[in-house]
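Trainee: Could you walk me through this one before I go back to the bench?
Mentor: Gladly; have a look at it, and then ask whatever comes to mind.

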Amino acid sequence: MSRRIIISRSSRAPSLPDALPEDAAPFGVVSSLTGRRWSWRRGPERIGAALAERHALPDVVARLLAGRGIGVDQAADFLEPTLRALMPDPSSLIDMDLAADRIAAAVRAGEQVAVFGDYDVDGACSGALMVSFLGSLGVAARPYIPDRITEGYGPNAAAIALLCDEGASLIICVDCGIAAGEALAAANGRADVVVLDHHKAEGPPPSLAAVVNPNRLDDSSGLGHLCATAVAFMAAVATLRVLRRAGYFGGRQEPDLKQLLDLVALATVCDVMPLVGLNRAFVTQGLRVMGAGSRVGIAALLAVAQAKEAPSAHTLGFMLGPRINAGGRVGKPDMGLRLLACDDAIDARAMAEELDRVNRHRQEVEAEVMADAMRQAEAQAMAGLPVLLVLGDGWHPGVVGIVAGRVKERFNRPSLVAGVADGLARGSGRSIAGADLGAAIIAARQAGLFITGGGHAMAAGFSFDAARREEVHAFLSDRLVAAALLPGAAGLVLEGVLSVPGCTTDLGTAIGRLAPFGNGNDEPVFVLPRVRVAKAGRVGKEGATIRAFLTGQDGGRLKAVCFRAKDGPLANALLDGARVPLHLAGHLRTERWAGESSPGFQIVDAAPVADG
């Protein structure tokens, strides 16, 4: 059977090889320079053709949609997602009506309200959303974010008692609370508690005024993919409806809830929620709000991060998110929330600069932990363990989640990283598709192995007696044993073949119609076969980024970039002065700078040409 490769020579749709078996590795790449097996994503050709005809779409967009399982009837909502079409009635969530009634009653009565949040991006955003929403209704809510080191995650009895002592008659817990019934009991007889959470529940909800969580065991809303900020937004919608029906806005102006969508978008991306359905609408609409620059805190953070282009999912996940997270990671737990809720440009700039400084410190702390964690993880991966569990004395609990994510990416295994202090191991875990880490950690806690533990399928937090490390590791490895069958690196799915001359601004713009990209909607990866690196060099403060110019076998020249390329076979191949031909895999984008547009290719992987 012939292996005819069709390479596009214009901005027409990227092609796929003809007459290849479904399981054939593109260009025979079963172990690339990053250790990954390449594979094709193929959509039904008839669906692609129907999409192109019905919606007048370019072939490239139609084929990519078909490959993602998007049918003719779903395409419009995918490409132009709106809340009107995709957001259900908030009342579909259990206890939402109770929550809305109680919050509305507090607004009408002018009660003192406290908002108890979390120190990550979702916690900061959901807290800022609720504080901003209540503020627009004349209620100056008191935010409270616990200290990661001295208090840990979630409500604690001392903090709840403090808020009651200060006079709060309503405490709204955002991004926490579903498993905090004991701590929240400190409010009994003193304040009502409303929980707006999304973390996995393990039993009946605590007995409170309202517990809204799409991941409650008895919730059938089908909204378990929402972050806590999205749940808080829906609570704001429901509360506004209650106030409207009660005639509260007879002489008052209603707040514009759409202005809160920038916070929902930021949290959805940074909490790695799937960008499908309602979440696509939240992120798409939220990016538009953010682009208008009306929230001074985000505008200040974008300026400090030197963001040049219109906000995108990449901006949220890689520029804003790490800086907001940094405060909670290294001793400034409430700064992210305060920045996001700030309405003074001077104060916002000062906080943004401080978070940027703290983030640089976080990067230094992270680098110290990363090398040792990777060494431990590599030994465990080489031993064939399905779960990687690495510990270190004195590792800062504020960076272990980031390190766990990098370990997971490197070895394609559920990964847990913990710092040990006074015999207690406390850390975070990150998982891969199909391995429910949150459920495994909850089971371990129920079995008495964890002191604290919980989360969702892809991420979790925990603490345990470090002396029980082997027991914990064995339990999790048994629970997630199927992960041992996975390759040592995640596979790379390709969606087409391009030529260098075919990489045009029009094609990059067409591909961008599928954005926002992220979990559940990966940015398309294409292969440029048999290209040569005409010029390459390191850029950036630490030289971890490689900028290059590519030439194709049929001519043309294309600028390219490769991030996280400080060392390794991929970096070596790009910098190799011999300029041997390579198959390069990556993303085609239209880049805009100073009013000009040009195509650019972000390299994510490469393989040597077998006959090169």
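Mentor: A word on terms before we start: a strand here is a DSSP run of E with at least two residues, a helix is a run of H or I with at least four, and both are numbered from the N terminus. With that in hand, Phe-27 can be placed in the segment before β1, which covers 38-40. Please also keep in mind that this is a predicted model.

Trainee: OK, what is phi of Phe-27 near?
Mentor: Phi of Phe-27 is near 55°, which is a positive value in a residue other than glycine. With a relative accessible area of 24%, Phe-27 is partly exposed, because that class lies between the 20% limit for buried and the 50% limit for exposed.

Trainee: And Gln-306, is that one buried or exposed?
Mentor: Gln-306 counts as exposed, at 58% relative accessibility. Gln-306 sits in the loop between α12 (296-304) and α13 (313-329), and its phi, near 60°, is again a positive value in a residue other than glycine.

Trainee: Changing topic, which residues of helix α7 are buried?
Mentor: In α7, which spans residues 157-165, the buried ones are Ala-159, Ile-160, Leu-163 and Cys-164. Seen down the axis of α7, these buried residues fall within an arc of 140°, so they line one face of the helix. On the other side of α7, Ala-158 and Asp-165 are exposed.

Trainee: Why would residues a few places apart point the same way?
Mentor: An α-helix has 3.6 residues a turn, so residues three or four places apart point the same way.

Trainee: What do the buried residues of α7 pack against?
Mentor: They pack against β2 (113-116), β3 (142-144), β4 and α8 (181-184). Leu-163 gives a view of this at the level of single residues: leaving aside neighbours within four places in sequence, Leu-163 is in contact with Ala-114, Phe-116, Arg-142, Tyr-144, Ala-168 and Ile-171. Leu-163 has a relative accessible area of 1%, and is therefore buried. After α7 comes Gly-167, whose phi is positive, near 110°.

Trainee: You mentioned β4, so which strand does it join, and how many bridges are there?
Mentor: β4 (residues 170-174) is joined to β5 by 5 bridges, and the two run parallel. Ile-171, a contact of Leu-163, has Val-193 in β5 as its bridge partner. β5 is in turn joined to β6 (residues 210-212) by 3 bridges, also in the parallel sense, and there Val-195 stands opposite Val-211. As for cover, 4 of the 5 residues of β5 (residues 192-196) are buried.

Trainee: Now the far end of the chain: how many bridges join β13 to β14?
Mentor: There are 7, between β13 (residues 526-539) and β14 (residues 545-552), which run antiparallel. The two form a hairpin with 5 residues between them, and Gly-540 in the turn has a positive phi of about 95°. β14 then pairs with β15 (residues 555-562) in the antiparallel sense, over 7 bridges, and that hairpin has 2 residues between its strands. Ile-546 in β14 has a partner in each neighbour, since Arg-538 stands opposite it and Cys-562 is its bridge partner in β15.

Trainee: Where does β16 come in?
Mentor: β16 (residues 582-593) pairs with β13 in the antiparallel sense over 4 bridges, and Leu-528 has Leu-584 as its partner there. β16 also pairs with β17 (residues 596-608), antiparallel and over 12 bridges. In the hairpin of β16 and β17, which has 2 residues between the strands, Ala-594 takes a positive phi near 55°.

Trainee: Last one, how many disulfides does the structure hold?
Mentor: The structure holds 0 disulfides. The sulfur of Cys-270 is 6.9 Å from the closest cysteine sulfur, in Cys-125, which is too far for a bond, the cut-off being 2.5 Å. Cys-503 is in no disulfide either, as the nearest cysteine sulfur, that of Cys-562, is 16 Å away. Cys-503 is itself buried, with a relative accessible area of 5%.

Note on methods: Residues numbered from 1 in each chain as written. Predicted model: local features only at pLDDT ≥ 70, side-chain atom pairs only at ≥ 80, totals over all residues. Heavy atoms only, no water. Pairing = 2+ DSSP bridges. Buried < 20%, exposed > 50% of the residue type's maximum accessible area, 1.4 Å probe, protein only. Arc of directions from axis to C-beta. Contact = heavy atoms within 4.5 Å.
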